[in-house]
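Colleague: Could you take me through this structure feature by feature, giving the general idea before each case?

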Amino acid sequence: MTERIALFPLGTVLFPGLVLPLHLFEDRYRRLVADLLERPEPRGFGVVGIQLGHEVGEGAAHRLADVGCVAELREVSPHPDGRYDIVAVGARRFRVKELVRSRPYLQGEVEFLPEEAGADPGPVAARVRRLFRLYRHRLGAAGAGPPEAPEPPRDPIELSYAIAAALVLDGHEKQRLLECEDAALRLAAERDLLSRENRILDILPMIPAGQFLDGAFTPN
């Protein structure tokens with residue numbers, strides 16, 4: 001069964017549980033927020049990663065990822081000129097079945113994806129926690145991580161998304177993690193990625209800061 005939702009193409013990947021601040025100035029996205037505010041809570045729109053193209057401009061052409069994540073509105077701050085600052089939080093994943101262009105902003109017929117732990121995620125989750133502690137320590141030593149960070153969640157599904165959001169990776173690798181069928185498969189992929197990144201950090205004195213490290217607004 002599918003459901004129609006508004007879609008927001010974005011150059012970053014949103015994961016369930018991740019906080020997403022946005023500054024919205026394009027007319028189509030002002031209209032999107034206004035339409036959402038007319039609906040009862042929870043108010044959400046779908047964030048889909050841009051695999052080719054750019055995200056800003058009325059004539060922007062995209063090739064979009066098949067799997068995205070619903071962003072639920074938590075805070076909306078309007079400006080006198082019609083712009084919005086919003087804060088949303090990642091919720092359910094979905095797969096885009098069909099694009100719909102009947103509104104000023106893009107919409108999609110989507111099916112929501114199940115969230116399953118998978119087969120025996122405990123051992124790989126424990127390994128990922130250990131690797132992530134080492135990763136965070138090495139990031140901090142390189143001056144590219146926050147001074148303090150909370151311990152990752154115990155629940156394997158929540159853990160898999162927290163690690164996916166925290167890793168400094170390119171968009172294609174982030175998208176691959178979002179698309180994993182269950183938490184056990186996602187954690188196994190993160191184990192391999194963390195092992196790779198820890199080897200790199202052991203060699204390199206500095207790496208570029210990730211897309212979420214500064215907490216800045218993403219202009220769209």
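Modeller: Let us begin with a convention: helices (H or I, at least four residues) and strands (E, at least two) are DSSP runs, numbered from the N terminus. Please keep in mind throughout that this is a predicted model.

Colleague: With that convention, how many helices and strands does the protein have, and in what order do the elements run?

Modeller: The secondary structure comes to five helices and eight strands, and from the N terminus on the order is β-β-α-β-β-β-β-β-α-α-α-α-β. Of the 220 residues of the protein, 46% count as buried.

Colleague: How should I read a cavity, and what does a search of the whole structure find here?

Modeller: The general idea is that rolling a probe the size of a water molecule over the atoms shows where empty space is left. In this structure the search finds one cavity of 30 Å³ or more, and the volume of the largest cavity is about 30 Å³.

Colleague: Which elements each supply at least two residues of the lining of the largest cavity?

Modeller: They are β3 (44-53), β5 (67-78) and α4 (171-179). The residues that line the cavity include Val47, Val48 and Gly49, together with Val67, Gly68 and Cys69, and also Gln175 and Leu178; Thr12, Val13 and Leu14 belong to the lining as well. By character, the lining divides into seven nonpolar residues, four polar and no charged.

Colleague: Turning to charged side chains, how many salt bridges does a search of the whole structure find?

Modeller: In general, side chains of opposite charge can pair when their charged atoms come close. The search finds 15 salt bridges, and one of interest joins the side chains of Asp35 and Arg103, at 2.5 Å from N to O. This pair links distant parts of the chain, since Asp35 lies in helix α1 (residues 27-37) and Arg103 in the loop between β6 (84-100) and β7 (107-112), 68 residues apart.

Colleague: Is Asp35 buried or exposed, and which further residue is linked with Asp35 and Arg103 in a network of salt bridges?

Modeller: Asp35 counts as buried because its relative accessible area is 8%, under the 20% limit for that class, whereas Arg103, at 36% relative accessibility, counts as partly exposed. The further member of the network is Arg31.

Colleague: Which parts of the chain do the salt bridges of Arg136 and Arg138 bring together?

Modeller: Arg136 forms a salt bridge with Glu151, with the closest N and O atoms 3.1 Å apart. Because Arg136 lies in helix α2 (residues 122-141) and Glu151 in the loop between α2 and α3 (156-166), this pair ties together parts that are 15 residues apart in sequence. The side chain of Arg138 meets that of Asp202 in a salt bridge of 3.7 Å, N to O, and here the link runs between distant parts of the chain, from Arg138 in helix α2 to Asp202 in helix α5, 64 residues apart. Asp202 is exposed, with a relative accessible area of 55%, while Arg138 is partly exposed at 22%.

Colleague: Which residues form a nonpolar patch on the surface?

Modeller: The patch consists of Ile200, Ile203 and Leu204, which have about 280 Å² of accessible area together. Of these, Ile203 lies in helix α5 (residues 183-203), and it counts as exposed because its relative accessibility is 68%, the cut-off being over 50%.

Colleague: Where does Ile163 lie, and is it buried or exposed?

Modeller: Ile163 is found in helix α3 and is buried, with a relative accessible area of 0%. Ile163 and Leu194 are 31 residues apart in sequence, and their C-alpha atoms are 9.5 Å apart in space.

Colleague: Finally, how should I read the backbone angles, and what is omega for the peptide bond that joins Glu41 and Pro42?

Modeller: As a general guide, most residues other than glycine have a negative phi, and most peptide bonds are trans. The bond between Glu41 and Pro42 is cis, with omega about -5 degrees, and Pro42 lies in the loop between α1 and β3. Asp120 has a positive phi, near 45 degrees, in a residue other than glycine; Asp120 is placed in the loop between β7 and α2 and counts as exposed, at 60% relative accessibility.

Notes
Residues are numbered from 1 along each chain as its sequence is written. This is a predicted model: local features need pLDDT of at least 70, side-chain atom pairs count only at pLDDT 80 or more; totals for chains, interfaces and linings use all residues. Side-chain values use heavy atoms; hydrogens and water are left out. Patches are made of residues with over 30% relative accessible area and no salt bridge: like charges are joined within 9 Å, nonpolar side chains (Val, Leu, Ile, Met, Phe, Trp, Tyr) within 5 Å. Accessible areas come from the Shrake-Rupley method with a 1.4 Å probe; for residues, only the protein chains shown count as cover. A salt bridge is a side-chain nitrogen of Lys or Arg within 4 Å of a carboxyl oxygen of Asp or Glu. Buried means under 20% relative accessible area, exposed over 50%, partly exposed in between (1.4 Å probe, protein chains only). On a 1 Å grid over the protein atoms alone, a cavity is a set of points where a 1.4 Å probe fits but cannot get out, and a pocket is an open set with protein on both sides within 12 Å along at least five of seven lines; lining residues have an atom within 4 Å of a point. Grid points are joined across faces, edges and corners, and a volume is the space filled by probe spheres set on the points. Ala, Val, Leu, Ile, Met, Phe, Trp, Tyr, Cys and Pro count as nonpolar, Asp, Glu, Lys and Arg as charged, and the others, Gly among them, as polar.
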